[in-house]
Amino acid sequence: MGPVQIKDNIYWVGVLDWDIRDFHGYSTPKGTTYNSYLVIDEKITLFDGVKRPFKNDLLESICKIVDPRRIDYLVVNHVEMDHSGSIPELVELIQPEKVVCSPMGKKTLIDHFNRDDWPFHVVETGHQLKLGKKTVSFFETRMLHWPDSMMSYLTEDRILISSDAFGEHWATSERFDDEVDSAELFSHAAKYYANILLLYSPLVQKLIAKFAQAGIEPAMIAPDHGLIWRKDVGGIVSAYGRWSRQESLKKAIVVYDTMWYATASMADAIGEGLKQEGLDFKLFDLKCNHRSDIMTEVLDASAIVIGSATINNGMMPAMADMLTYMKGLKPHGKVGGAFGSYGWSGEAVKQISDWMREMNISLVNDGLRVKFTPKKQDLEKCVEFGRQVARAALEKMESAPRTRS
Ligand code: FEO
């Protein structure tokens, strides 16, 4: 796809990756984009590279506007390989006057590419760079998504080139938020937040506050993945506020893996109990749901109930995968409980409870175990277990301070 003008003398020159289906453990059924932005001014400037195999697509796009060798400044907002993989070859071709990056960016570029001879121009928060008529202000955004991350703000045009933040993994021929279905766009943005940024939520809150304090009100947010926000900038910033506060809905998720459907029967009965107390619920069998889709549901769930059969004195392997992933993303403020069927030893429920405590999930009890196939009285206990979780979740929601942006 060729360049797209987003403002006078500012172009999207990114690339579409329609085929990627796994992004370091995150399922991407609709692909992704690697966005680069080209600014034509007295100093021609390229913001961010693309994943290495797409370098020629990027260059083809740039060539439709300007000879890439005329680029003066190459800004590297983030060094993860989906953006920096092409940087060595771009530097070689362009021979830029400056490679602009944060202090950690310089270190990380050298760690990746072993090139300390590049013409680094290190910028920190508050530094500005004149391109001619246009000015770039830089903001270090450590851990959003890596320690080297920063954002670039085109001050006259009020365009925030936001690197990973405010993005989506979604390949589309459209480039702007108002050209696609808004509900689908926000669902991709939520999945992206839940799987990439959730653990850095306190930093997201600080970032939003920092921009407000600095009086920065972008007219456009141009992330390095997905669509450019120009119609609903307020909507995505507000969503980041909600997601970073981990505001929860009257919603529970029941995540389980089952061996011979006994644990699945327990999940059904627990769902019934949740609903009886007024909590909507969704069931996720790990045999047919991806960990990253489940994390999207974790984002705004008030309760998480997790179950596994016991196999070889432990939990089912898919559950270990799920819990490892979930723990790393640090969901906050949930209530829940563990359950599962067992035959003779039954360690899975205790193991899951221990994991959930480590995630600071408030457990309603030590878990519910059922020997082999649940009988009528066992299913009644499961319903009551669901009701207990729902009551605890609703009580927590009622006592939580209300903050809305
Ligand atoms: Fe899109 Fe953290 O890289």
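How many of the nine residues of helix H9 (residues 291–299) are buried? In this predicted model, seven of the nine are buried, and helix H9 is accordingly described as mostly covered. The buried residues of H9 are Ser-292, Ile-294, Met-295, Thr-296, Glu-297, Val-298 and Leu-299. Arg-291, for its part, has its charged end over the ring of Tyr-325, 5.6 Å from the centre of that ring.

## The two open sheets

One open sheet is built from seven strands in the order S1-S2-S7-S8-S9-S10-S11, and its pairing is mixed. The edges of this sheet are formed by S1 and by strand S11 (120–122), each of which pairs on one side only, and the twist from one strand to the next averages 25°. S1 and S2 run antiparallel and are joined by three bridges, and within this pairing Lys-7 has Ile-10 of S2 as its bridge partner.

Asn-9 is placed in the loop between strand S1 (4–7) and strand S2 (10–12). Asn-9 has a positive phi of about 65°, although it is not a glycine, and with a relative accessibility of 36% it counts as partly exposed. For context, most residues other than glycine have a negative phi.

A second loop residue can be described in like terms. Asn-312, which is not a glycine either, has a positive phi of about 50°, and its place is in the loop between strand S20 (310–311) and strand S21 (314–315). With a relative accessible area of 69%, Asn-312 is exposed.

Another open sheet has five strands in the order S12-S13-S14-S15-S16, again with mixed pairing. Strand S12 (128–130) and strand S16 (220–223) stand at its edges with a single partner strand each, so one side of each of these strands has no neighbour in the sheet. The twist in the five-stranded sheet averages 20° from one strand to the next. S12 runs antiparallel to strand S13 (residues 135–140), and three bridges join the two; Gln-128 has Ser-137 as its bridge partner in S13. Helix H6 (residues 201–213) packs on this sheet, where it touches S13, strand S14 (150–154) and strand S15 (159–163), and the direction of H6 makes about 145° with that of S13.

## Packing of helices H10 and H11

Helix H10 (residues 317–329) and helix H11 (residues 348–358) pack with their axes 10 Å apart and at an angle of about 10°. Angles under 35 degrees count as roughly parallel, and H10 and H11 are therefore roughly parallel to each other. On the H10 side the contact is made by Met-319, Leu-323, Thr-324 and Lys-327, and on the H11 side by Ile-352, Trp-355 and Glu-358.

## Aromatic pairs and charges over rings

The model contains nine aromatic pairs. A pair of aromatic rings is described by the distance of the centres and the angle of the planes; the table gives these values for two of the pairs.

| Ring pair | Centre to centre | Angle between planes | Class |
|---|---|---|---|
| Tyr-34 and Phe-54 | 5.5 Å | 50° | tilted |
| Phe-113 and Trp-118 | 6.2 Å | 35° | tilted |

Tyr-34 lies in strand S6 (residues 32–34), whereas Phe-54 lies in the loop between strand S8 (45–47) and helix H1 (55–63), so their pair ties together parts that are 20 residues apart in sequence. The cut-off for buried is under 20% relative accessible area; Tyr-34 is buried at 0%, and Phe-54, at 16% relative accessibility, counts as buried as well. In the other pair of the table, Phe-113 and Trp-118 are both buried.

Elsewhere, ring pairs link Phe-166, Tyr-193, Tyr-240 and Trp-243 into a cluster. A ring can also lie beneath a charged side chain, as with Phe-176, over whose face Arg-230 lies at 3.7 Å from the ring centre.

Technical notes. Residues are numbered from 1 along each chain as its sequence is written. This is a predicted model: local features need pLDDT of at least 70, side-chain atom pairs count only at pLDDT 80 or more; totals for chains, interfaces and linings use all residues. Side-chain values use heavy atoms; hydrogens and water are left out. Two strands pair if DSSP finds at least two bridges between them. Helices (H or I, at least four residues) and strands (E, at least two) are DSSP runs, numbered from the N terminus. Axes are lines fitted to C-alpha atoms, for helices over the stretch in contact, and angles run from 0 to 180 degrees between N-to-C directions. Contact means heavy atoms within 4.5 Å. Rings of Phe, Tyr and Trp (its six-membered ring) pair if their centres lie within 6.5 Å; planes under 30 degrees apart count as stacked, over 60 as edge-to-face and the rest as tilted. Buried means under 20% relative accessible area, exposed over 50%, partly exposed in between (1.4 Å probe, protein chains only). A charge sits over a ring if NZ of Lys or CZ of Arg is within 6 Å of the ring centre and within 35 degrees of the ring normal. Angles under 35 degrees count as roughly parallel, over 145 as roughly antiparallel, 65 to 115 as roughly perpendicular and the rest as oblique.
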